[in-house]
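Colleague: Before I trust any labels here, I want to hear the reasoning behind them. Can we go through them one at a time?

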Amino acid sequence: MRRIVATTAVLAGAVAISACEGVGQALSSHTDVLARAGGHEFTVQEVSRLLIDNPRLPAQPDVVEALANVWIDYTLLAGHVARDSTLESLDLRDVVQPEIDNIVVSRYRDDVVVVDTILTEDELRARFDQDQPGLEVRARHVLLQVTPDATPEVRDSVRTLIADVRSRAAAGDDFGALAEEYSQDPGSATRGGDLGFFPRGQMVRPFEEAAFALQPGDVSDVVETSFGYHVIKVEERREPNYEERKDAFAQSLKTQLVFEAEQAYVDSLLEALEIEVQPEAPDVVRELARDREAELGARRRGRTLVSYRDGRYTVGDLADLLYRVAQAQLAQLAAAGDEEVQGILEQQARNKILIESARRAGHTATQVEQDSVVAAARSMLRAATTGMGLADLQPVEGEDERAMIDRVVFEALVEAAAGRRNVPPLGPLSHFLREGANARIFMQAAEEVIRVTNEGRRENLPELPEGQPVPTQPVPDGEQTEEQGG
C-alpha cells in the first residue's frame, strides 16, 4: 500500500558532501593536510599513496574529495566503536525521524481515507478487459528523425516524405522493405523496423498510444514524438490471460484505488491552504544544494521558503531533508530550473502539512515501533562497521587509541581503493557523526595531492621507447570504477 508521504529512506544514498573551509580556515590550514576530524588528520602523503597504488582511480579533485569524505565518516565511526563496540550509546532518534513520521502519517491515512476495495467478479473482469494488464504488441516502425532546431521548411519536407511512406504501407507495400529503405532508427532499420514485443510503459507515450490502439496488420497514421516522425505497423498482439493474472491484478487494483482515494483526500485537505512558494526560494534551494554543510544560524534556518495558511516550510526544514539526499540528487537539484525546484518545494510543504495534520489528530508511533526503527538503523550501522573491518578494533603493541583508529581506517581505505572492499554508504548518519567533530576538508590541498600522485605514477611507469611521450595520468581501460561516497 502506498504512503501519502514520500520520504528518503534512512541510511540510503551517498554520505554527506564536504564541509569545505571558510576563508579564515583556508589561510590557517596546512597544505600537507587534506582533512581533519575528531582530532585526526588525513595527510596529502596518505591520500597520494592510495591513488599512486591504484592507478584506475583518476587523480582529480572529485575523487580526492570523495576519499576525504569516506575517511572522515569512518574515522569518526571508528572512534565510536572504540568507545562502545555495540554502538548502543549512540542516540539515533533524530536520524530515524522520517521513518517515524511515515508511521504516524500511515496511521492517519488509515483513519481518514475510507475506500471500498471489495470488487465483484464482474467488476474485476470489466476492469481487467479495460486495462489489459500484461498486454504486449509486436510492432515495426519507420522513423524519420527531426532535430529540435529544424526549420519549418525542413519539418514540412520530412513530414511529406513520411506521409508518402505511410500511404505506401497502407496500400500494401512490404513494410519491412520500406523500413530498410527509409527508417533512420539504427536499432531496427536493418531488421525491417522490427521492435519485437513490448508492454505498456516501455515506449514514449505518443508511440505507445498509437501502437496499442492498432490490431494486427493495421498501419498507424503519422505519429510525432521527440525522436521525429513514425509510421507503425502492429504484427501481433499477446493478450493477457485473465485466470492467470486475476489475483495479482486484483491486488494491484486495490492498491491503485487506495492511492487514488489518498490523492483525492490530500487535494481536498490542501485546496484551502493557499500554498505559495516564495519568489527567491529556488535560488536559496540551489545554493544550499551546492553546500549542504554550510553553517546556518537560527535566523537563516527560520527563513520561509513556502508559506501556507497557519504554517510554513523553512530553510531549516529543507536543510534537514538534504542531509538524507544522495550526492547525485544534490547535484541535480543544484542545476534544476525554477519550475522544477518550485514543484519539489510544494511537495515537501505538502508532506509537512500531512505530518502536522496527523499529529494534531492525535496519531503517534508507539514506543515499540520507535524502538524497532532505531534498532534497524543501529543494525545497519553495525553492518557498515563490519563491512569496513572496524567491528573488532584491537591495538597492536605500543599503539594508543588514536594510532589504532588511524591505522585501521587507512587499511580499510587501501582495501576499498583496490576494489577488495565495498564502502557502505552512511546517508544521514554522516551528518550525525560529524556534528561537533570539527570535520573539515581543505580542498586547496587537493592540488598538491594530484601533483604528488602524478609524479609518483610517472616514477612507477616502465621505461618507454625513445621519443614516446610520458603520460601525465594513467587512463582507465574502460572499466568503470565504483563511485566512492563522500
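Colleague: What makes the way α10 passes α12 a right-handed crossing?

Modeller: The rule is about the turn: a crossing is right-handed if the near helix is turned clockwise from the far one by less than a right angle, and left-handed if anticlockwise. In this predicted model, the axes of helix α10 (residues 281-290) and helix α12 (residues 315-322) cross at roughly 35° and come within 11 Å. Axes are lines fitted to C-alpha atoms, for helices over the stretch in contact, with angles from 0 to 180 degrees between N-to-C directions. α10 passes α12 in the right-handed sense. The helices themselves are DSSP runs of H or I, at least four residues, while strands are runs of E, at least two, and both are numbered from the N terminus.

Colleague: Which residues make that contact?

Modeller: Val284, Val285, Leu288 and Ala289 of α10 meet Val315, Leu318, Ala319 and Leu322 of α12, where contact means heavy atoms within 4.5 Å. By class, that gives 8 nonpolar, no polar and no charged residues. For the classes, Ala, Val, Leu, Ile, Met, Phe, Trp, Tyr, Cys and Pro count as nonpolar, Asp, Glu, Lys and Arg as charged, and the others, Gly among them, as polar.

Colleague: And how do α4 and α14 cross, left-handed or right-handed?

Modeller: Left-handed. The axes of helix α4 (residues 97-112) and helix α14 (residues 338-360) come within 9 Å, crossing at roughly 65°. On the α4 side you'll find Gln97, Asp101, Val104, Val105 and Tyr108, and they meet Leu354, Ile355, Ser357, Ala358 and Arg359 in α14. By class, this contact has 6 nonpolar, 2 polar and 2 charged residues.

Colleague: Before we go on, what are the ground rules for the numbers?

Modeller: Residues are numbered from 1 along each chain as its sequence is written, and side-chain values use heavy atoms, with hydrogens and water left out. Since the model is predicted, local features need pLDDT of at least 70 and side-chain atom pairs count only at pLDDT 80 or more, but totals for chains, interfaces and linings use all residues.

Colleague: Fine. What makes Asp73 and Arg434 a salt bridge?

Modeller: The label needs a side-chain nitrogen of Lys or Arg within 4 Å of a carboxyl oxygen of Asp or Glu. For Asp73 and Arg434 the closest N and O atoms are 2.9 Å apart, so the pair qualifies. The partners sit in distant parts of the chain: Asp73 is in helix α3 (residues 61-83) and Arg434 in helix α17 (residues 428-434), 361 residues apart.

Colleague: Why are both of those called buried?

Modeller: Buried means under 20% relative accessible area, exposed over 50%, and partly exposed in between (1.4 Å probe, protein chains only). Asp73 has 0%, so the buried label fits. Arg434 has 7%, so buried applies there too.

Colleague: And Asp91 with Arg93: buried, partly exposed or exposed?

Modeller: Asp91 is at 40%, so partly exposed, while Arg93 is at 52% and therefore exposed. Their side chains meet in a salt bridge at 2.7 Å, N to O. By the same cut-off the count comes to 35 salt bridges.

Colleague: What is unusual about the phi of Leu87?

Modeller: Most residues other than glycine have a negative phi. Leu87 has a positive one, near 60°. Leu87 lies in the loop between α3 and α4, and its relative accessible area is 2%, so Leu87 counts as buried.

Colleague: Where is Asp310, and what is its phi?

Modeller: Asp310 is in the loop between β8 (304-308) and β9 (311-314), with a positive phi near 70°. At 79% relative accessibility, Asp310 is over the cut-off and so exposed.

Colleague: Last one: how do you know that β1 and β2 pair?

Modeller: Two strands pair if DSSP finds at least two bridges between them. Strand β1 (residues 33-37) and β2 have 4, in the antiparallel sense, so they pair. The two form a hairpin with 2 residues between them, and Gly38 in the turn has a positive phi of about 55°. Arg36 stands opposite Glu41 in β2. Strand β2 (residues 40-43) has His40 and Phe42 on a covered face, with Glu41 and Thr43 on the uncovered one.
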